[in-house]
Amino acid sequence: MHKNQKAFFLLFLSIVFIVIGFARKEVDTVFLKSVNICLECIGIG
């Protein structure tokens with residue numbers, strides 16, 4: 001039972017941090033950085 005409590009706590013904590021990221025509008029920043037990294041790896045950018 002103790003192992004399941006840790007897993008649910010980590011799941012809850014990750015959901016909380018995802019919601020905080022959405023509230024701070026960090027989705028656009030992360031998306032732009034991922035696109036730039038991807039284009040640099042391919043050699044287009």
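Buried means under 20% relative accessible area, exposed means over 50%, and partly exposed lies in between (1.4 Å probe, protein chains only). Helices (H or I, at least four residues) and strands (E, at least two) are DSSP runs, numbered from the N terminus.

This is a predicted model: local features need pLDDT of at least 70, side-chain atom pairs count only at pLDDT 80 or more, and totals for chains, interfaces and linings use all residues. Residues are numbered from 1 along each chain as its sequence is written, and side-chain values use heavy atoms, with hydrogens and water left out.

**Exercise 1. Describe the chain as a whole.**

Step 1. Take the secondary structure: two helices and zero strands.
Step 2. Take the extent: the C-alpha trace spans about 50 × 25 × 5 Å along its principal axes.
Step 3. Check burial: 2% of the 45 residues count as buried.
Step 4. Look at the surface: the chain exposes about 4,500 Å², and carbon and sulfur atoms supply 73% of that area (Shrake-Rupley method, 1.4 Å probe; for residues, only the protein chains shown count as cover).

**Exercise 2. Work out the length and the setting of helix H2.**

Step 1. H2 covers residues 27–42, which is 16 residues.
Step 2. From first C-alpha to last, H2 reaches 23 Å, close to the expected 22 Å (1.5 Å times one less than the number of residues).
Step 3. The number of buried residues in H2 is zero, so the helix lies largely in the open.
Step 4. Take one residue: Glu-40 lies in H2 and is exposed, at 58% relative accessible area. Its C-alpha is 17 Å from that of Thr-29, eleven residues apart along the chain.
Step 5. Move past the end: Gly-43 follows H2, with a positive phi near 100°.

**Exercise 3. Explain why Cys-38 and Cys-41 form no disulfide.**

Step 1. A disulfide is a covalent bond between the sulfur atoms of two cysteines. The cut-off here is a pair of cysteine sulfur atoms within 2.5 Å.
Step 2. The closest cysteine sulfur to that of Cys-38 is in Cys-41, 6.6 Å away, so the gap is too far for a bond.
Step 3. The structure therefore holds zero disulfides.
Step 4. Compare exposure: Cys-38 is partly exposed at 44%, while Cys-41 is exposed at 69%.

**Exercise 4. Place Leu-10.**

Step 1. Leu-10 is found in helix H1, residues 2–23.
Step 2. At 55% relative accessibility, Leu-10 counts as exposed.
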